[in-house]
Amino acid sequence: MLYDGVGLDLPETAAETEASTRATAGRLMFAREVIAERLPELADPGELHDRLAELASTGRTRAAEPAAVRGGSERRARLWTRTAAAVTVVLIGSTAMTLHTAPTHYVPPVPPGETVRGVPPRVAPGPLSDEQRELRDRLRKALLDGPERLSPQAR
């Protein structure tokens, strides 16, 4: 459409479609082949150009200037470039923050407690018997250096 309908030359068409001149020429040839298959009366490029010019003259369509279209395309490319740079900076920042705050060693999780089976419970001492009370009372009444006690002898 840009080449046959609007009348742009091949390098300008390539710039508008953001492709190389060679790729644009290949696309133009392929498009003409498809149009020739579907509409055989438009197989001649001159006839195609005349029909497109006639169609453009009957309608009140106004094509944008190539410079305006190219300018919008360049603005969009700058926007995407800046967006990619911002995403890269955010990714680098989040990676640095993660490296700074991440633990430096592995701390294994504490396993849940389990009941130990097969071990008898600890038994507290019960009340003293009569014999144990008599012994306790006798030991309390005796003197510290009494005959019942042994004291170390110096050699």
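Okay, so to start: the expected span of a helix is 1.5 Å times one less than its number of residues. Keep that in your heads for a minute. And just so everyone knows, what you're looking at is a predicted model.

Let's try that rule on helix H6, residues 130–141. There are twelve residues there, so the span should come out at 16 Å, and the end C-alpha atoms sit 17 Å apart, which agrees. How many of those twelve residues are buried? The count is zero, so H6 is hardly covered.

Now helix H5, residues 66–101. With 36 residues, the expected span is 52 Å, and the end C-alpha atoms are 52 Å apart, so that one agrees too. Along H5 you do find buried residues: Gly71, Gly72 and Ser73 are buried.

Okay, charges next. Which residues form the negative surface patch here? That would be Glu41, Asp44, Glu47, Asp50 and Glu54. Let me pick out Glu47 from that group. Glu47 belongs to helix H4, residues 45–58. The relative accessible area of Glu47 is 31%, so we call Glu47 partly exposed, and since a patch takes residues with over 30%, that value meets the area cut-off.

Last stop, the backbone at Glu18. Phi there is near 55 degrees, a positive value, and this residue isn't a glycine. Where is Glu18? In the loop between helix H2 (10–16) and helix H3 (21–38). And is Glu18 buried or exposed? Exposed, because its relative accessible area is 53%, and the cut-off for exposed is over 50%.

That's my tour, folks.

Note on methods. Residues numbered from 1 in each chain as written. Predicted model: local features only at pLDDT ≥ 70, side-chain atom pairs only at ≥ 80, totals over all residues. Heavy atoms only, no water. Helix = DSSP H or I, 4+ residues; strand = E, 2+ residues; numbered from the N terminus. Buried < 20%, exposed > 50% of the residue type's maximum accessible area, 1.4 Å probe, protein only. Patch = residues over 30% accessible without salt bridge, like charges linked within 9 Å, V, L, I, M, F, W, Y side chains within 5 Å. Areas by Shrake-Rupley, 256 points an atom, 1.4 Å probe, with all protein chains shown as cover. Salt bridge = Lys/Arg side-chain N within 4 Å of Asp/Glu carboxyl O. Lys, Arg positive; Asp, Glu negative; His and termini not counted. Charge placed at Lys NZ, Arg CZ, Asp CG, Glu CD.
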